[in-house]
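User: Could you take a close look at one part of this model for me? I'd like to follow a single helix and see what it packs against.

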Amino acid sequence: MPVAVLHATEPLPTAPPAKRRLPAGRPREWYVRHNRRLKAMRLAIALLDAGAHGPGFVHDRTIRAAAVRLGIHPPSTATCRMVRQLMHYPR
């Protein structure tokens with residue numbers, strides 16, 4: 001199976017989603033989990049669109065480089081793990 005190589009010069013073809021206010025009154029942990037899921041979904045979609053074939057080919061370093069190219073803060077190790085889990089699901 002070929003290995004997907006993402007080069008730093010290749011732009012990732014995604015536009016930032018429209019921002020909406022989150023519902024008030026939830027515990028702080030809910031907001032943290034929600035935002036982590038959104039970031040992981042954005043990164044997983046961008047990596048799949050850029051040619052990454054699956055979670056086995058994407059390392060934390062690659063995910064963090066994609067985040068920089070997308071203009072979002074580099075993800076934590078937990079978020080990188082979530083990105084790989086999301087890449088398992090068929091599109």
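**A close look at helix H1**

Analyst: Happy to, and a good way in is from a partner helix: threonine 79 is located in helix H3. Please keep in mind that this is a predicted model. Threonine 79 counts as buried because its relative accessibility is 4%, and buried means under 20%. Beyond its neighbours within four places in sequence, threonine 79 is in contact with Arg36, Lys39 and Ala40.

Now to H1 itself, which runs over residues 28-49. With 22 residues at 1.5 Å a residue, H1 should span 32 Å, and its end C-alpha atoms are indeed 32 Å apart, so the two values agree. Which residues of H1 are buried? They are Lys39, Ala40, Leu43, Ala44, Ala46 and Leu47. These residues cover an arc of only 165° around the axis, so they lie on the same side of H1. The general reason is that an α-helix has 3.6 residues a turn, so residues three or four places apart point the same way. The buried residues of H1 pack against helix H2 (60-70) and helix H3 (77-86).

There is also a nonpolar patch on the surface: Leu38, Met41 and Ile45 make one of about 230 Å². Of these, leucine 38 sits in helix H1 and is partly exposed, as its relative accessible area is 31%.

Finally, H1 is followed by glycine 51, which has a positive phi, near 115°.

Methods:
Residues numbered from 1 in each chain as written. Predicted model: local features only at pLDDT ≥ 70, side-chain atom pairs only at ≥ 80, totals over all residues. Heavy atoms only, no water. Helix = DSSP H or I, 4+ residues; strand = E, 2+ residues; numbered from the N terminus. Expected span 1.5 Å × (residues − 1). Buried < 20%, exposed > 50% of the residue type's maximum accessible area, 1.4 Å probe, protein only. Arc of directions from axis to C-beta. Contact = heavy atoms within 4.5 Å. Patch = residues over 30% accessible without salt bridge, like charges linked within 9 Å, V, L, I, M, F, W, Y side chains within 5 Å. Areas by Shrake-Rupley, 256 points an atom, 1.4 Å probe, with all protein chains shown as cover. Salt bridge = Lys/Arg side-chain N within 4 Å of Asp/Glu carboxyl O.
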